[in-house]
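Me: I'd like to practise reading a structure with you. Could you take me through its features one at a time?

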Amino acid sequence: MLLAKVFLDGPLARQDLATSTGLSQAAVSNVVGDLIEDGLVTEAGTVESDGGRPRTMLQVAPRFALVVGVDVGETRVRVELFDLAMTPLATVDYPINPGQPDPETVVAHIFAGLSYVTGAAAVSTADILGVGIGVSGVVEQGRQAVVHAQTLGWEGVELERMLRAGTDLPLHLDNGAKTLGQAEMWFGAGRGARHAVFALIGSGVGAAVVTGGVTYRGASSSAGEWGHTTLCYDGRPCRCGARGCLEAYVGAGAIIDRYRDARRGRAVPGADEESQITTLLAQAGSSAAARRVLDETASYLGAGVANLINLFNPERVVLGGWAGVALGAHLLPAIRRAAAAHALRQPFAQASIELCRLGVDAVALGAATLPIARLLTAGGIREPSKIH
Ligand SMILES: [Zn+2]
């Protein structure tokens with residue numbers, strides 16, 4: 001508990017730890033002494049206190065261990081190395097074929113990325129606490145994590161087994177929206193909340209539901225597939241095979257398709273979805289069709305957010321993902337109005353609707369927190385590398 005407190009809220013003084021945990025000063029001093037001796041916690045200078053002695057501040061030792069976060073998105077694999085202060089030490093991106101990326105290629109990129117980031121930062125793999133991997137799709141946790149990503153054509157891909165064949169480092173796999181939610185809970189817009197929903201909007205649409213401080217997973221970890229809730233019965237076809245899903249209206253590809261339909265087949269210019277969405281937003285001032293498509297997008301998103309509010313009674317709904325950030329910067333007031341019109345008044349009044357704080361690349365950062373979460377729950381004891 002003390003280690004987690006220092007990691008999440010540090011730098012903190014011993015007195016702060018005693019006050020916030022209810023432990024005695026003596027107990028705090030004992031445990032902190034052990035943590036310092038083990039190299040997990042360090043003293044980080046002193047601050048003046050009102051009238052009293054200067055207080056020594058404690059923080060987690062940034063170089064106690066390093067962590068790797070991997071974002072397996074729909075258009076790229078990003079591999080990023082962090083220290084325990086979450087300072088990025090090295091990053092590399094590998095573009096992948098959008099649509100149906102091949103699992104073997106993704107695994108090869110992850111291995112290449114691991115050796116790139118350790119080389120670029122001149123560190124040894126022995127310094128790495130673990131590797132967290134955020135994947136778009138359902139990540140079924142079991143003895144070895146299996147990925148079901150219908151929209152990528154991944155049916156029961158044994159990603160952990162494939163990765164295990166090439167590395168002995170501890171591996172932690174989870175859904176990308178859930179790792180983004182974890183990052184925002186620890187360092188961003190979710191700080192201080194106990195009940196929050198993180199809505200990730202990119203090519204795909206997903207959500208992480210945090211209730212009582214814990215990510216809600218369901219029976220096989222698929223909970224939060226918000227993008228495939230039905231917005232419009234028998235509506236537009238979705239990549240999952242069903243019709244009328246939220247993703248078929250507010251996913252980046254769907255927004256671009258709706259704009260093309262509104263202009264009788266003329267596509268919005270741009271080399272990829274990101275530049276097409278940027279162009280569409282820029283055309284809102286001059287094109288009635290762009291304005292209409294964006295107004296409708298805000299309404300659809302607001303209705304989707306209202307569903308989240310009615311189902312989960314969150315304190316906060318946080319919009320993230322690259323398209324969520326781009327759209328939210330222009331459409332947040334309209335999204336709030338639409339959510340107000342569709343949600344029940346009492347839960348809506350309790351909930352704020354906000355933009356994420358960590359920017360668009362928080363999936364890799366969130367993935368890197370997975371091995372740290374394990375270290376914190378294990379009281380600072382490192383997970384051994386697998387021997388096979
Ligand atoms: Zn769907």
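What follows is a short conversation about a metal site, sheets and helices.

Reply: Gladly! Keep in mind that this is a predicted model.

Me: Which atoms coordinate the zinc ion?

Reply: The donors are ND1 of His228 together with the SG atoms of Cys238, Cys240 and Cys245, at 2.0 to 2.4 Å. Along the chain they follow the spacing H-x9-C-x1-C-x4-C. His228 and Cys240 are 12 residues apart, and each sits in the loop between strand 14 (214-215) and helix 7 (247-250).

Me: What arrangement do the 4 donor atoms around the zinc ion make?

Reply: The general idea first: ideal angles at a metal are 109.5 degrees for four tetrahedral donors. Here the angles subtended by the 4 donor atoms run from 106 to 120°, which makes the arrangement tetrahedral.

Me: Is His228 buried, partly exposed or exposed?

Reply: His228 counts as partly exposed, because its relative accessibility is 26%.

Me: Now to sheets. What is the strand order in the open sheet that includes strand 4?

Reply: In general, strands of a sheet pair through backbone hydrogen bonds, either parallel or antiparallel. In this case 5 strands are ordered 6-5-4-7-11, and the pairing is mixed. Strand 6 (88-95) and strand 11 (171-175) are the edge strands, each pairing on one side only. Ignoring direction, neighbouring strands of this sheet are turned by 15° against each other on average.

Me: In which sense do strand 4 and strand 7 pair?

Reply: Strand 4 (residues 66-72) pairs with strand 7 (residues 128-135) in the parallel sense, over 7 bridges. To find your place, look at Val68, whose bridge partner in strand 7 is Val131. Helix 13 (residues 362-377) packs on the sheet and touches strand 4, strand 5, strand 7 and strand 11.

Me: Which strands stand at the edges of the sheet ordered 14-13-12-15-16?

Reply: This open sheet also has 5 strands and mixed pairing. Strand 14 and strand 16 (352-355) stand at its edges; each has a single partner strand, so one side of each is left without a neighbour in the sheet. Inside this order, strand 12 (residues 196-201) and strand 15 (residues 316-320) pair in the parallel sense over 5 bridges, with Leu200 opposite Gly320.

Me: And how are helix 9 and helix 11 placed, by angle and by distance?

Reply: Two packed helices are described by the angle between their axes and the distance between the axes. The axes of helix 9 (residues 273-282) and helix 11 (residues 322-342) cross at roughly 5° and come within 11 Å. That makes helix 9 roughly parallel to helix 11. Glu273, Glu274, Ile277 and Leu281 of helix 9 meet Trp322, Ala326, Leu327 and His330 of helix 11.

Terms used:
Residues are numbered from 1 along each chain as its sequence is written. This is a predicted model: local features need pLDDT of at least 70, side-chain atom pairs count only at pLDDT 80 or more; totals for chains, interfaces and linings use all residues. Side-chain values use heavy atoms; hydrogens and water are left out. Donors are N, O and S atoms within 2.8 Å of the metal (3.2 Å for Na, K and Ca); water is not among the atoms, so sites may look incomplete. Four donors count as tetrahedral if all angles lie between 85 and 135 degrees; four count as square planar and six as octahedral if opposite donors are over 155 degrees apart and all others between 65 and 115; anything else is irregular. Helices (H or I, at least four residues) and strands (E, at least two) are DSSP runs, numbered from the N terminus. Buried means under 20% relative accessible area, exposed over 50%, partly exposed in between (1.4 Å probe, protein chains only). Two strands pair if DSSP finds at least two bridges between them. Axes are lines fitted to C-alpha atoms, for helices over the stretch in contact, and angles run from 0 to 180 degrees between N-to-C directions. Contact means heavy atoms within 4.5 Å. Angles under 35 degrees count as roughly parallel, over 145 as roughly antiparallel, 65 to 115 as roughly perpendicular and the rest as oblique.
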